[in-house]
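Dear colleague,

I am handing over the structure we spoke about, and below it you will find my notes on what turned up when I went through it. Please read them with the model open beside you.

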Amino acid sequence: MLNKLRFFRDNPVLPDFDRQRQTAKYHFTKYFGKEDIFLEDISGGTLGITFLCEGLKQSQIFVKTHLSDITYRNALYKEYQMLKSIYHEKMFLESLSVSVGNNTELLFMMMDSLKSGYGMSKADIVELIGQYSRNDILKFDRTGMYDISELLIEAKKSLYDLDKKGFYSADIIKMAESLLICLESYLAGLPRIVCHGDLADKNIRINSKDEKILLDWEDAFWGVEGYDYLYWLTFFNHRKFYNELGIFEVAGLPPEIVAGIITLILLIKNAISYYSGEYVKNKLSMNDRLKEIYVCMGIGI
């Protein structure tokens, strides 16, 4: 979430996606020198530019590149490394660096075009997380990955910034502050694991053997056990699970720490929603999203 938050908050003028998309398509097709390559534009999230490609292989492939900044190139390279480390035996995956002049290169990631994985259950998500949460599985350069403590700093800042704009009530502010303080005191003693950082249904795909593949690793970071699962729970369409017994339980974590992690996640999600302008489409207010979680967890406010 950190990259997305900074992208929207710190860029008063967003990049020209259309121009950069056309530049990427031009250099990709020019590199292969084939006139029968067809690239179909598709939505690729916040930091990426994505296409479906016909004519390069016998089957359709997915192609992803980045915006014209070294930060975004590094984020895509990190995603490529993560995918290669975890799923190299489960799908076609290659990278390509193409010179675009002025000592600049565009990185392209090419992979199988995979089926959607919507409709996952809690058990499916736990299984998926188990594929990558063991540190010995992930063999790649982890330098430059931020720590969950940086997310905590941003969560506090987001709470105060949006409080000034009138998005939170006094009781929610008091509870959120208390839970973040509790989480901060507890974090130092928790072992770190690699977390995906954006475990959403839209990022889950299924390969030809019906195996689950998790995409969009650009915001991977050093987190703690349970973070990705709790992040998945905070999506609006997963509110249907909130009344299930034990849905907010994470092995080894006290309830107040679980609540602190969810608070951190929702505060930053709310900030991204505000700075991107998406909050105007929300069916529940930022305040009510937090309140709903606290009520479902039995936390008094």
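**Two residues with positive phi**

N102 sits in the loop that joins β4 (93-101) to β5 (104-112). Please bear in mind throughout that this is a predicted model, and that the backbone angles mentioned here are therefore those of a prediction. The phi angle of N102 is near 55 degrees, which is a positive value in a residue other than glycine. With a relative accessible area of 76%, N102 counts as exposed.

D216 also has a positive phi, of about 65 degrees, although this residue is not a glycine. Its place is in the loop between β9 (212-214) and β10 (221-223). Whereas N102 is exposed, D216 is buried, its relative accessible area being 10%, a value that falls under the 20% limit for burial.

**The chain as a whole**

Stepping back from these loops, the secondary structure of the chain amounts to 9 helices and 10 strands. The radius of gyration is 20 Å, close to the 19 Å that the globule rule gives for 301 residues, so the chain is as compact as a globular protein of that length. Along the principal axes, the C-alpha trace spans about 65 × 40 × 35 Å.

Of the 301 residues in the chain, 52% are buried. Among the contacts with a separation of 6 or more, 69% are between residues that lie 24 or more positions apart. The accessible surface comes to about 14300 Å², and carbon and sulfur atoms contribute 51% of this area. As for charge, the chain has 36 positive and 41 negative charges, and the mean positions of the two sets are 1 Å apart.

**The first helix**

Helix α1, which covers residues 2-9, is mostly covered, with 6 of its 8 residues buried. The buried residues of α1 are L2, N3, K4, L5, F7 and F8, so you will notice that a lysine and an asparagine are listed there beside leucine and phenylalanine. Which helices do the buried residues of α1 pack against? They pack against α2 (17-32), α3 (70-87), α5 (148-164) and α8 (255-276).

**Aromatic pairs**

A search of the whole structure finds 17 aromatic pairs. In one of them, the ring centres of F167 and Y274 are 5.5 Å apart and the planes stand at 70 degrees, so the pair is edge-to-face. This pair links distant parts of the chain, since F167 lies in the loop between α5 and α6 (170-187) while Y274 belongs to helix α8, 107 residues apart. F167 is partly exposed, with a relative accessible area of 23%.

The rings of F221 and Y227 form another edge-to-face pair, because their centres are 4.9 Å apart and their planes are at 80 degrees, an angle over the 60 degrees that this class requires. Both F221 and Y227 are buried. These two residues also belong to one aromatic cluster, which is formed by Y146, F221, Y227, Y231 and F235.

**Around strand β1**

The place of D36 is in the loop between α2 and β1. Leaving aside neighbours within four places in sequence, D36 is in contact with E54 and G55. The C-alpha atoms of D36 and G55 are separated by 6.0 Å, and the two residues are 19 residues apart along the chain.

I42 lies in strand β1 itself, which runs over residues 38-42. I42 is partly exposed, with a relative accessible area of 24%. Again leaving aside neighbours within four places in sequence, the contacts of I42 are with R21, T50, F51, L52 and F62. The C-alpha atoms of I42 and V63, which are 21 residues apart along the chain, are separated by 9.8 Å.

**Towards the last helix**

S285 is found in the loop between α8 and α9 (286-296), and with a relative accessible area of 35% this serine is partly exposed. The C-alpha atoms of S285 and Y168 are separated by 9.1 Å, although the two residues are 117 residues apart along the chain.

With best wishes

Terms used:
Residues numbered from 1 in each chain as written. Predicted model: local features only at pLDDT ≥ 70, side-chain atom pairs only at ≥ 80, totals over all residues. Heavy atoms only, no water. Helix = DSSP H or I, 4+ residues; strand = E, 2+ residues; numbered from the N terminus. Rg over C-alpha atoms; globule rule 2.2 N^0.38 Å. Buried < 20%, exposed > 50% of the residue type's maximum accessible area, 1.4 Å probe, protein only. Contact = heavy atoms within 4.5 Å. Areas by Shrake-Rupley, 256 points an atom, 1.4 Å probe, with all protein chains shown as cover. Lys, Arg positive; Asp, Glu negative; His and termini not counted. Charge placed at Lys NZ, Arg CZ, Asp CG, Glu CD. Phe/Tyr/Trp six-rings, centres within 6.5 Å; stacked < 30°, edge-to-face > 60°.
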